[in-house]
Amino acid sequence: MGTMAATGFTPILSGDAKATRNKQKTRAARVVSLYERPPPYDAALEELEAVSLDRLKVLRGIERLRLSNASEAELRQKTKELLRKYLSGDELRKDKISHFMLRLAYCQTKDNRDWLVDKECELFRVRFEELVHKEQKDFLQDIELQVGLVDQEEFERVKGSLAAAHGGKITGTHREFFKVPFEAVPSLVATRRVFVNRGWAYVGAHQMAPLVVGRFKEHLAKALQITAKAWPHVAATDESNRLAPIVSFLSKQYQGSSDYTEVQTSGNSVVTLDEIPNLAKRHFPMCMKHLHASLMSNNHLKHLSLIHI
């Protein structure tokens with residue numbers, strides 16, 4: 001503590017127990033989580049599959065929005081609509097169960113892990129940015145992130161530098177700024193959107209998302225690596241006839257239809273020959289559509305074309 005005091009770093013400290021804060025949390029704050037512990041719920045296999053598919057629809061909706069170059073405002077609004085549509089009603093239970101089910105489903109290959117981490121980070125960021133300032137501060141304290149407060153005297157001393165970094169006049173108070181190690185927010189430092197002094201970056205409350213998302217990403221990536229090592233043994237023994245078939249089915253879902261509203265259930269996941277023409281029109285990229293059309297009209301394709309299709 002002496003070293004921190006010498007550098008002017010005042011950590012976020014509170015005498016309140018986490019349990020007390022948890023009782024006071026709003027609905028929005030309760031679902032923002034690093035998912036450090038498995039959900040303490042009992043659930044039927046049918047529910048596990050259903051809520052997992054619903055979460056996939058949310059994540060694939062986020063993916064579709066990113067691919068369409070949606071604005072940040074549109075991304076936030078559409079994500080909230082997806083959450084209301086697919087994960088509302090006992091939201092905390094559905095959120096916990098579906099997250100851990102997708103961990104099992106997407107842990108086995110690097111592509112699957114990367115996809116899940118990327119989309120879960122987007123969802124986490126939207127949820128975190130919806131929290132009010134106090135809820136964000138409480139969350140930082142809960143995850144024991146090294147973040148310090150800026151007092152009034154220090155705020156007045158660096159106010160001019162803060163204004164320069166934020167592109168003009170500062171209208172907020174000292175309570176709307178935190179101090180974090182500058183290496184924890186490389187994206188903000190690289191784009192000169194924060195004031196850096198003696199190794200500390202002064203970050204506005206509205207800029208905290210990259211720091212917290214970084215912690216979430218690190219935690220989830222590590223958890224997926226651990227799960228990847230443990231799950232094959234569990235799937236082959238204890239859960240071979242229960243969870244394993246569901247997890248195997250879920251692991252193939254994100255590579256399917258690009259339309260996130262059309263994730264199928266495992267009871268009807270086989271594509272028949274009769275369905276291919278219609279699926280080709282709706283989902284094939286342009287080059288494959290052209291090759292498929294030629295095949296249907298001529299009943300023949302050249303060797304290289306067959307390789308492409």
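Just after helix α9, Gly167 takes a positive phi of about 75°. This is a predicted model, where local features need pLDDT of at least 70, side-chain atom pairs count only at pLDDT 80 or more, and totals for chains, interfaces and linings use all residues. Residues are numbered from 1 along each chain as its sequence is written, and side-chain values use heavy atoms, with hydrogens and water left out.

Back to α9 itself (helices are DSSP runs of H or I, at least four residues; strands are runs of E, at least two). With 14 residues at 1.5 Å each, it should span 20 Å (1.5 Å times one less than the residue count), and its end C-alpha atoms sit 19 Å apart, which agrees. There's still a kink of about 60° centred on Val158, taken as the angle between axes fitted to the seven residues ending there and the seven starting there. Val158 is also among the buried residues of α9, buried being under 20% relative accessible area with a 1.4 Å probe, protein chains only. Those buried residues pack against four strands (contact is heavy atoms within 4.5 Å):

| Strand | Residues |
|---|---|
| β2 | 148–149 |
| β3 | 177–181 |
| β4 | 195–197 |
| β5 | 200–204 |

Now for the rings. The structure holds 9 aromatic pairs (Phe, Tyr or six-membered Trp rings with centres within 6.5 Å; planes under 30 degrees apart are stacked, over 60 edge-to-face, the rest tilted). Tyr106 and Trp115 have centres 5.6 Å apart and planes at 25°, so they're stacked, and both are buried. One aromatic cluster takes in Tyr35, Phe100, Phe124, Phe128, Phe139 and Phe216.

Terms used
Buried means under 20% relative accessible area, exposed over 50%, partly exposed in between (1.4 Å probe, protein chains only).
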